[in-house]
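Q: Please take a close look at the backbone geometry of one loop residue in this structure. Please then set it in context with comparable backbone sites and with the packing of the interior.
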Amino acid sequence: MAAVRPTPADPTPGLLTARESGDQRAAPPELGPDSIAVLSGPTFMYTDQAGDVPPGSIGGLVHLDTRLLSGWVLTINGGRMLVLRSQTLQHYSAQFVLTNPELPGLPPDSLGVRRMRYIGDGFRERIELVSFRTEPVRLEIRLAVAADFADLFEVKSGVRDRSEQISRTHNSGGTALTFSYANGDFTAQTSVRTSPPANRIEGDDLVWELDLAPRQIWQLDLHVPLPPGLGVVEPVKGDISEVIHGRVDDPLRRWLSDRALTRSDNLVLERVLRQSRDDLGALRLDLEIKGQRVMLPGAGLPWFLSVFGRDTLITAYQTLVAGPMLARGAVLALARLQGTRCDDFTDEEPGKILHEFRSGELTRTGVKPYNPNYGTADATQLWLILLSEYWRWTRDDNTVRYLRDNALAALHWIDSYGDRDGDGYVEYATRSPEGLGNQCWRDSPDGVCFADGRIPVLPIATSDLQGYTYDAKLRLAELADGPLADPALAQRLRADAAALYERFNRDFWISERGGYYAVGLDGDKNQINAKTSNMGHLLWSGIVLPERAEQVVRQLMSPEMFSGWGIRTLSNEERSYNALGYHLGTVWPHDNSLAALGMVRYGFRAEANQISLAMFEAAEQFGYRLPEALSGYARDLMMFAVPYPTACSPQAWAAGAPLALLRAMLNLNPVDGRLVIDPDIPEEFGRMTAERVRAFGRRWEIEAVGRTGHVRLEAG
């Protein structure tokens, strides 16, 4: 019998493991499509519209990948409340306005119920009740609490029952209910503190009994402290009412006050860009990884509130137009965590940039390989690209020289470990029984497929990896000619890039179906012939032959690939197309932003503007915030944008996409110590201005309308 060959769907045949993928569990109906999340750093509370966390859902209070609360349900006289309106106020705060249904002895709409909550120095919630009855009412207020201490990986797939290892302590005065869990060296604790004290604690339910007079207001404060240590960069603090009404110091507002600010005749553009700034600030993390303290944006709520190589690097690239702080932090932090050895379990190799870091129980006890995990084939090239782009915007020679050894180690990884068989292409195939099958950005098990739906055999060389490698080598050559002062290295790298350019355009081009680039080569060097959005990444990297650029752009903007809201990840011509498939037809904002930058690079400004307009119009439909991905339904069919069911929101590289699209419209580039623009602003956006744009240690102002504009240094 022939041996089973590894594929991304089964990368280690014969080993049955619960691997992670980009898309494991759909949001259950008990939270509903309008679920509410409050977020601060690596901590979030995810509930339904009433503010409840039904047991068995994906909701709860999660801190550093551990779920501290898995149940949080409010009932009055045995019934759950009806939602009048609920929404987040800031990323860290939310308000829920509720009333009662018909209950025994209590007609409907007799009570006004308000829940206010925020995450800052712990999780805090205030419940206020007011009675609109004309006579006193007897009420039983019950809060059902549960803590399962699930690892976030389990919340995404299936939670192990830890009940026998969880102990409970009830404070005799009814002021606290505490859950504790230990597994070897891993410990976790959840303490729910109450004021006023509960009248009694029944099992894991906190119960208050009261007689409420007409118009009397009753107030309950709840506090769940967070474990000590790193996490939230600068938490907001104060009385919950003061926080909710914005009457306390907000560290995020201070942080944003020095960021670039864009104004436009078009309020949608202005609001989307403002929301992007707020979201990027909200996702900031302060973490310790392998003894190193890093401050970077988490990738996205709820699944990816941790450091990711690819996501962090692309986000930092997208946001350089708003300032170099994030880019500098990213290149330095990820360099400190660069691979130094070969380790099969984590896919670590010398010179490799990490993929993902986690801190939950499964990682800390060695069950999962995420401390950190190196299972990506693109972060190393993206790190070199970001290092170069940071230097172009800052001319910070000292940082580049400081990172010289890291850059050379990254180059060595590309040439020695990335190119597994010496054919000049970077390929991937995990060595870990827990490893990801696809190690490019299309990292779901079926994210790379043939046009007929077949899954290719490993190792796979996807097209985007080759484009990034080409760009990275040319950029490192520029640094070698500049601050690294190594002309021999620069000459070798340019020769390598030229050879890759020629080889790639020979091996990846498919002349059938209008001409396009294959998504990759499989383990037998067969062209994986699906039409995908990866072609936009190729334009961004510059590896596309100029005479083929028009064909590539035509493919990307065809009705089969452009939904009206953006470019689909997979053409609807292909057998595996699914408007709701994670990488099989959805529309990703970050993917589209790179395509738009690539189109501008090759002179296709009208097409790039079409993408920008579509993205900003889609953002308007989601509260001016672009989610991780949209469904791939055609705009002229549905007439409104349809969300992807389990999209992260906010999500870092989706938040960075509007800034990259702004750069595309301005065609804004740093050149020899000055900023240069060649604008082509869509008529719908009118005049736009940008203030406090940082480059070369100075601040700049930009103004543009249509195809005219200017850049000037800010006074002072």
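A: In this predicted model, Leu64 has a relative accessibility of 23% and therefore counts as partly exposed. The reason is that the value falls between the limit for buried residues, under 20%, and that for exposed residues, over 50%. Leu64 belongs to the loop that connects β3 (60-63) with β4 (66-69). Its phi is near 50°, a positive value in a residue other than glycine. Most residues other than glycine have a negative phi.

A second site of this kind is Asp672, whose phi is likewise positive and near 50°, again in a residue other than glycine. Asp672 is placed in the loop between β27 (669-671) and β28 (674-676). Here the relative accessibility is 65%, so Asp672 counts as exposed.

Two peptide bonds also call for attention, since most peptide bonds are trans. The bond from Ser195 to Pro196 is cis, with omega near 5°. Pro196 sits in the loop between β14 (186-195) and β15 (200-202). Leu458 and Pro459 are likewise joined by a cis peptide bond, for which omega is about -5°. Pro459 is found in the loop between α10 (404-418) and β22 (461-462).

Turning to the interior, the largest nonpolar core comprises 162 residues. Trp383, Leu386, Tyr517, Ile567, Met599, Ile611 and Leu666 are the residues with the most contacts inside this core. Helix α18 (residues 652-666) gives the most to this core, contributing 12 residues. Around Leu386, and leaving aside residues up to four places away in sequence, the contacts are with Leu313, Ala316, Tyr317, Leu320, Ala327, Ala330 and Val331. Apart from the largest core lies another one of 48 residues, including Leu61, Ile76, Ala198 and Trp218.

The packing of helices can be examined through α5. Two packed helices are described by the angle between their axes and the distance between the axes. For helix α5 (residues 309-318) and α18, the angle is about 30° and the axes are 8 Å apart. This angle makes α5 roughly parallel to α18, because angles under 35 degrees count as roughly parallel. The crossing in which α5 passes α18 is left-handed. On the α5 side, the contact involves Arg310, Asp311, Ile314, Thr315, Tyr317 and Gln318. On the α18 side, it involves Ala652, Trp653, Gly656, Ala657, Leu659, Ala660 and Arg663. Sorted by class, this contact of α5 with α18 contains 7 nonpolar, 3 polar and 3 charged residues.

Helix α5 also meets helix α15 (residues 589-601), with axes that come within 12 Å and cross at roughly 50°. That angle makes α5 oblique to α15. The crossing of α5 and α15 is left-handed. Ile314, Tyr317 and Gln318 of α5 make this contact with His590, Ser593, Leu594 and Leu597 of α15. By class, the contact of α5 with α15 has 4 nonpolar and 3 polar residues, and no charged residues. Ile314, Tyr317 and Gln318 of α5 thus appear in the contact with α18 and in the contact with α15. Tyr317 is, in addition, one of the residues touched by Leu386.

Notes
Residues are numbered from 1 along each chain as its sequence is written. This is a predicted model: local features need pLDDT of at least 70, side-chain atom pairs count only at pLDDT 80 or more; totals for chains, interfaces and linings use all residues. Side-chain values use heavy atoms; hydrogens and water are left out. A nonpolar core is a set of buried Ala, Val, Leu, Ile, Met, Phe, Trp, Tyr and Cys residues joined through side-chain atoms within 4.5 Å. Buried means under 20% relative accessible area, exposed over 50%, partly exposed in between (1.4 Å probe, protein chains only). Helices (H or I, at least four residues) and strands (E, at least two) are DSSP runs, numbered from the N terminus. Contact means heavy atoms within 4.5 Å. Axes are lines fitted to C-alpha atoms, for helices over the stretch in contact, and angles run from 0 to 180 degrees between N-to-C directions. Angles under 35 degrees count as roughly parallel, over 145 as roughly antiparallel, 65 to 115 as roughly perpendicular and the rest as oblique. A crossing is left-handed if the near helix is turned anticlockwise from the far one by less than a right angle, and right-handed if clockwise. Ala, Val, Leu, Ile, Met, Phe, Trp, Tyr, Cys and Pro count as nonpolar, Asp, Glu, Lys and Arg as charged, and the others, Gly among them, as polar.
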